[in-house]
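Biologist: I have a chain open here and would like to talk it through with you. Could you put the structure up so that we can go over it piece by piece?

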Amino acid sequence: MAEPSANLLRGAPIAAAIRASVSDALKQHGVVPHLVNVIVGGDETSLSYLGAIDKLAGKLGLLSSRHVLPADADEDAIVAAVEGLGADPGVHGLMIQFPLPRGVDARRVARAVPPLKDVDGLTIESLGACFSGETRHTAPATAAAVIELLLSEPACDPAGKEVCVIGRSLVVGRPVAAMLASSAQGGNATVSMCHRGTADTPAHARRADILVVAAGVKHLVQRDWVKPGAVVVDVGTHAEPTDTGWTVSGDVHPDVAEVAGWLTPVPGGVGPVTNAVLMRHVAAAALPDVFEPAW
Ligand code: NAD
């Protein structure tokens, strides 16, 4: 078996720089932006994620709180709660924890978030801005984090490259593909997007100089899907309990490190940058004139 040779494209230094810029700006302006996470019921994964967000927010000078609805709350009740929080001038950023209970129309709930408080790119307005190349702080945070990672390392600059995105969700695959193809958002790449209906995803992946994987399938991408020397960004997050705690793996098989030129680790790649970008989005919602568009 070959030795891992890929350089690691780590999230820590990028996340640290974003966190410092947020915390400095908030100190300077004496503002404490408030993020509210709407959660219906709440599984263990959501609660542990929100715990990390609350802690990070506190460290940077933001407030992150939860609005918890009972697990059997119906669609009208969820929409009414989101509208109420949206109208509250003390709330700067609003996020909804998905998935919502079966039968609830997630798009209707998303539409209830006021666009200027939409810090994770859920609304039609935010997605429209993202897809039309406007550099606002309301792009889906994970998609924005992928762009931050690629632009942080000259060898990973997408301009002029063949990029393959695996996944077409509205939170990651589609917005990141649009940003990568845009000349205004740091991409300027030639992009193909694969999904469950793609006839031969490995063939598309093998052509890519940069492969962005957001499929939600553990270790989907195998060594022979990757062009030697390619940049591989692994968005996937699969947390599993072990005897001693938790283990987290991605959508990319560890053997890919033997052929890729650059690889984002899981954990420690996209995740910390996403959380830092989210904090910047909330801070920008509270101080719109202070935070320049990211790209
Ligand atoms: P999703 O399930 O909404 O979308 C997955 C997409 O992958 C779909 O469009 C589907 O068509 C495509 N897909 C699935 N299997 C495929 C296959 N075999 N070939 C080609 N395409 C395939 O998932 P999502 O919300 O976009 O999340 C994707 C992954 O990213 C998940 O593992 C999620 O946990 C992770 N995630 C990580 C972060 C982070 O900050 N690191 C944030 C959000 C999501």
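Biologist: Let's start with His219: what is its relative accessible area, and where along the chain is it found?
Modeller: In this predicted model, His219 has a relative accessible area of 22% and is found in the loop between β7 (210–213) and β8 (231–234). His219 counts as partly exposed because that value falls between the 20% and 50% cut-offs.

Biologist: And what about its phi?
Modeller: The phi of His219 is positive, about 55 degrees, although the residue is not a glycine. Most residues other than glycine have a negative phi.

Biologist: Where does Asn188 lie, and what is its phi near?
Modeller: Asn188, in the loop between α7 (173–181) and β6, has a positive phi near 60 degrees and is likewise not a glycine. With a relative accessible area of 44%, Asn188 is partly exposed.

Biologist: Switching to peptide bonds, which residues does a cis bond join?
Modeller: One cis peptide bond joins Phe98 and Pro99, with omega about 0 degrees, and Pro99 lies in the loop between β4 and α4 (106–111). Another joins Val266 and Pro267, with omega about -5 degrees, where Pro267 sits in the loop between β11 (262–263) and α9.

Biologist: OK, strands now. Is β2 buried or exposed?
Modeller: Strand β2, residues 34–40, is mostly covered, with seven of its seven residues buried. That holds for both faces, since His34, Val36, Val38 and Val40 on one side are buried, as are Leu35, Asn37 and Ile39 on the other. In a regular strand the side chains alternate between the two faces of the sheet.

Biologist: Which strands does β2 pair with?
Modeller: β2 pairs in the parallel sense with β3 (residues 63–69) over seven bridges, and also in the parallel sense with β4 (residues 93–96) over four bridges. Within these pairings, Val36 has Ser65 of β3 as its bridge partner, while Val38 stands opposite Ile96 in β4. Together with helix α2 (residues 44–60), β2 and β3 make a right-handed β-α-β unit.

Biologist: What about the six-strand sheet, in what order do its strands run?
Modeller: The order is β1-β11-β8-β7-β5-β6, in an open sheet with parallel pairing. At its edges are β1 (7–8) and β6 (190–194), each of which pairs on one side only. Five bridges join β5 (residues 162–166) to β6, with Thr190 of β6 as the bridge partner of Glu162.

Biologist: Staying with β1, how exposed is Asn7?
Modeller: Asn7, which has its place in strand β1, is partly exposed, with a relative accessible area of 39%.

Biologist: What domains does the assignment give?
Modeller: The domain assignment gives domain 1 (30–116) and domain 2 (140–270), and the C-alpha centres of domain 1 and domain 2 lie 27 Å apart.

Biologist: Last topic, the ligand: which residues are closest?
Modeller: The ligand is surrounded by 23 residues, of which Thr142, Arg168, Ser169, Arg196 and Val235 are the closest. The largest share of that shell, three residues, comes from helix α9 (residues 270–286).

Biologist: And which atoms lie by its oxygens?
Modeller: A backbone N or O atom of Arg168 lies 2.9 Å from an oxygen atom of the ligand, and a backbone N or O atom of Thr237 lies 3.2 Å from a ligand oxygen. In the side chain of Thr274, an N or O atom is 3.1 Å from an oxygen atom of the ligand. Of the 860 Å² of accessible area that the ligand has on its own, the protein covers 73%.

Conventions. Residues are numbered from 1 along each chain as its sequence is written. This is a predicted model: local features need pLDDT of at least 70, side-chain atom pairs count only at pLDDT 80 or more; totals for chains, interfaces and linings use all residues. Side-chain values use heavy atoms; hydrogens and water are left out. Buried means under 20% relative accessible area, exposed over 50%, partly exposed in between (1.4 Å probe, protein chains only). Helices (H or I, at least four residues) and strands (E, at least two) are DSSP runs, numbered from the N terminus. Two strands pair if DSSP finds at least two bridges between them. A crossover is right-handed if, with the strands pointing away from the viewer, the path from the first strand over the helix to the second runs clockwise. Domain bounds come from an automatic or database domain assignment. A residue is near a molecule or strand if one of its heavy atoms lies within 4 Å of it. A polar contact is a pair of N or O atoms within 3.5 Å; within protein, one must be able to donate a hydrogen and the other to accept it, and residues adjacent in sequence count only if both atoms are side-chain atoms. Accessible areas come from the Shrake-Rupley method with a 1.4 Å probe; for residues, only the protein chains shown count as cover.
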